[in-house]
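Here's a quick tour of a protein model for anyone who likes to know what packs against what. Have a look at the fold before reading on.

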Amino acid sequence: MEDKTENISSIPIDGFSNLRITSIWTFLLSVQWSEPWLIGLLLFHLLCLLLTVVTCKYYKAQICHFLLLVGLVYCAEYLNELAAMNWRAFSNFQYFDSKGMFISLVFSIPLLFNAMIIVVVWVYRTFSTMTELKTLQLKREAQRQKRQKDD
């Protein structure tokens, strides 16, 4: 019996290319990272990571940053379509396949990583606030019991 499922690692990047993707690592190594728009994208991701770290102390700013990150990930499919139609204007190669693998790897995953960092910070803050609240409740209860004994 033959396995009729399609192997994802052998899907062509686009209809015009004979390049086959054997692994994500091989694919990322085949990208020409010296292109100006890719350097700009890397700088954008570094800026997002910096904002993620800086906004850890500012809750409202972090909420806005988180919503922006999630909104950009949501728009990735539309950006991929737009880039696929106009790739000649800014790139030497057609990276934008119909499955969205390239934009997922170089655009969405780093943004989601930043969003995950923000969620971890929020969970940590929630647990520390709950711990502080419980400690305060126990102290007040002990003070109240002490006052009742003294009376």
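What follows goes from the overall fold to two helix pairs, and then to a few single residues.

**The big picture**

Keep in mind that this is a predicted model. The protein is built from five helices, with zero strands, so reading along the sequence gives you α-α-α-α-α. Of the 151 residues in the protein, 27% are buried. The accessible surface comes to about 11,500 Å², and carbon and sulfur atoms hold 66% of that. As for contacts with a separation of 6 or more, 65% of them link residues that sit 24 or more positions apart.

**Two helix pairs**

Here's how the geometry of the two pairs reads.

| Helix pair | Angle | Axis distance |
|---|---|---|
| H2 (residues 36-54) and H5 (residues 101-150) | about 10 degrees | 9 Å apart |
| H3 (residues 59-74) and H4 (residues 76-86) | roughly 50 degrees | within 4 Å |

Let's start with H2 and H5, which pack at an angle of about 10 degrees. Angles under 35 degrees count as roughly parallel, so H2 is roughly parallel to H5. On the H2 side, the contact is made by Trp37, Leu38, Leu41, Phe44, His45, Cys48, Leu49 and Thr52. H5 answers with Phe102, Val106, Phe107, Pro110, Leu111, Asn114, Ile117 and Ile118. Sort the residues of this contact by type and you get 13 nonpolar, three polar and no charged.

Now for H3 and H4, whose axes cross at roughly 50 degrees. Is that roughly parallel or oblique? The two helices are oblique to each other, because their angle falls outside the ranges for roughly parallel (under 35 degrees), roughly perpendicular (65 to 115) and roughly antiparallel (over 145). Leu72, Val73 and Tyr74 of H3 meet Ala76, Glu77 and Tyr78 of H4. By type, the residues of this contact divide into five nonpolar, no polar and one charged.

**A few residues up close**

Ile39 is part of helix H2. With a relative accessibility of 40%, Ile39 counts as partly exposed, since that label covers values between the 20% limit for buried and the 50% limit for exposed. If you skip the neighbours within four places in sequence, Ile39 is in contact with Trp33 and Ser34.

And the cysteines? How many disulfides does a search of the whole structure find? The search turns up zero. Cys48 has already come up, as one of the H2 residues in the contact with H5. Cys64 counts as exposed, at 54% relative accessibility, and Cys75 is partly exposed, with a relative accessible area of 33%.

Conventions: Residues numbered from 1 in each chain as written. Predicted model: local features only at pLDDT ≥ 70, side-chain atom pairs only at ≥ 80, totals over all residues. Heavy atoms only, no water. Axes fitted to C-alpha atoms, helices over the stretch in contact; angles between N-to-C directions. Contact = heavy atoms within 4.5 Å. Nonpolar A, V, L, I, M, F, W, Y, C, P; charged D, E, K, R; others polar. Disulfide = S-S within 2.5 Å. Buried < 20%, exposed > 50% of the residue type's maximum accessible area, 1.4 Å probe, protein only. Areas by Shrake-Rupley, 256 points an atom, 1.4 Å probe, with all protein chains shown as cover.
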